[in-house]
Amino acid sequence: MQDQIVKRVVIAGGGTAGWTVAAALAQQLGPLLDITLVESDAIGTVGVGESTIPTFRTFHAMIGIDEREFMRSTEASFKLGISFENWDRLGDRYIHPFGDVGKSTWMADFHQMWLLAKARGFGGDIGDYCFEHQAAAAEKFALSKTVNINYSYHLDASRYAEYLREKFEAKGIRRVEGKIIGVTQDGQSGHVTALELDNGDRVSGDLFVDCTGFRGLLIEQTLKAGYDDWSHWLKTDSALAVQTEKVGAVPPFTRAISRSAGWQWRIPLQHRVGNGLVFCSEYQAEDEAREELLNNLEGEPLFEPRLLRYVTGRRRKFWDKNVVAIGLSSGFVEPLESTSIHLIQIGTMRLMQLFPFGGNFEALATRYNNQLILETERIRDFVILHYTLTRRDDTAFWRSCRDMEIPDSLSERIELFRDSGIVFQGPDELFRVASWLFVMLGQGVEPQNYHHMGALLGDERVRKSLESLKGNISGAVANMPSHQAFLQKYCGGT
Ligand SMILES: Cc1cc2nc3c(=O)[nH]c(=O)nc-3n(C[C@H](O)[C@H](O)[C@H](O)COP(=O)(O)OP(=O)(O)OC[C@H]3O[C@@H](n4cnc5c(N)ncnc54)[C@H](O)[C@@H]3O)c2cc1C
């Protein structure tokens, strides 16, 4: 048996990805490792990435984050889901909430009973049976022992990395300020052995985590891992980001509003709103996109919109030799479902599970890559779903989304739902049954058939049980404070 060979971990980059990896390694494996993080204030971070999903809370619990302290430090607000506007047709709106709908049985999911009710002419809206949906629509929020709510946060991206640094640097992370200008490799194995900095310093290590953002300094510029480009499915390649002053009460959801060649986000924080327009440069020029964004802001912009370019896709290998790419260096699925920070956290957790203590990189890298590739591709399919289901035909961009070919795995899912109302969450898949359901229904897919289990109960019992569930949820929501009031009390926000 090998002794511990891999001890010196060098993290290149100090954005959300770099500090997430550093914090988790220090918290969970600290005594076994020497952790160094290299970052450059002169280069800075990408400065976006403010909407998260509920797995974020699980990760925070693992690294011992106090919720109120985190929310105060990052001006965070609560998030119950995403409001999709104009996605099916102009003027439409649906919410994709974080919660589940009703109670399912081993034989059929709850929504099958709802589909039966719809076929019989009652049943209302599917959102009536989801607590988080009703609370989001009413802009309410509460945390209490009796209310079990599935939620996440909106946060200030630049403050988040700073917060992790403040909290975890003292737990054994050596931070080195400097620009990486060279990478040394072992002549035989090709493994990275050191980073060379602009001040002449060298930072040596056994394992390197590439968190250098879109540059992919180690994984791509050095190891040439290669990239799978998904822009034929996810066509946007640019974003203009701008922050605005806060206007009105803070809603507990992200807004994703489809525009002429992409979509606009509005992410409400305690002190300001994050805004941006994601667009496809093939269909919209930068100045038109800028104008569209500026014409659709609610508050005064705090600076000029900043342009970011990206290629949607993933590295062929996330882990190659002794380099693991985490964050934007590993690839990017556009931010429609706020999944990038989740992938950073999942990548970090998998790295800790598969940590190559004995210097045995290859088999562990294969396992890591197989898992992460599957997870990323299922997320990709879920994001494509929103585009392919559109019935917008008012611009060339939306027509091209509606008419594009999609991955077989996704078209099979859509057909299964259309045919039978069946939705599923596969192994290693992030998005739950309710997520697929809300998006497919929200964008106009109507199942032709449904499971007849509910017919065993008879119409009256089905009606009563649906009414009772809806009434219980509305009663609980009616008693909750507004999100704004709760936030103010909880965080002392404005
Ligand atoms: C338009 C847009 C919107 C997004 N919205 C969301 C969202 O709502 N939710 C979500 O989960 N994610 C979102 N993301 C993704 C999210 O921004 C990132 O996943 C997250 O910020 C992590 O970025 P990073 O740390 O990988 O890269 P960066 O923030 O770019 O950090 C890179 C780090 O590497 C350092 N560095 C680079 N080169 C060198 C060098 N030569 N020497 C030294 N240091 C170097 C930089 O200084 C920096 O510290 C969005 C992304 C984009 C583009």
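Strand β13 (residues 238-245) runs antiparallel to β17, and 4 bridges join the two; strands here are DSSP runs of E of at least two residues, numbered from the N terminus, as are helices, which are runs of H or I of at least four residues. Within this pair, Ala241 stands opposite Arg306 of β17. The model is predicted, with local features requiring pLDDT of at least 70 and side-chain atom pairs pLDDT 80 or more, whereas totals for chains, interfaces and linings use all residues. Residues are numbered from 1 along each chain as its sequence is written, and side-chain values use heavy atoms, without hydrogens or water.

Both strands belong to an open sheet of 7 strands with mixed pairing, in the order β5-β4-β14-β15-β16-β13-β17; two strands pair if DSSP finds at least two bridges between them. The edge strands, each paired on one side only, are β5 (93-97) and β17 (306-309). On average, neighbouring strands of the sheet are turned by 20° against each other, direction ignored. Helix α7 (residues 286-295) packs on the sheet and touches β13, β14 (254-259), β15 (262-268), β16 (272-279) and β17, contact meaning heavy atoms within 4.5 Å. The direction of α7 makes about 145° with that of β16; axes are lines fitted to C-alpha atoms, for helices over the stretch in contact, and angles run from 0 to 180 degrees between N-to-C directions.

Overall, the secondary structure of the protein comprises 14 helices and 21 strands. Buried residues (under 20% relative accessible area, 1.4 Å probe, protein chains only) account for 58% of the 494 residues.

Definitions and conventions:
Buried < 20%, exposed > 50% of the residue type's maximum accessible area, 1.4 Å probe, protein only.
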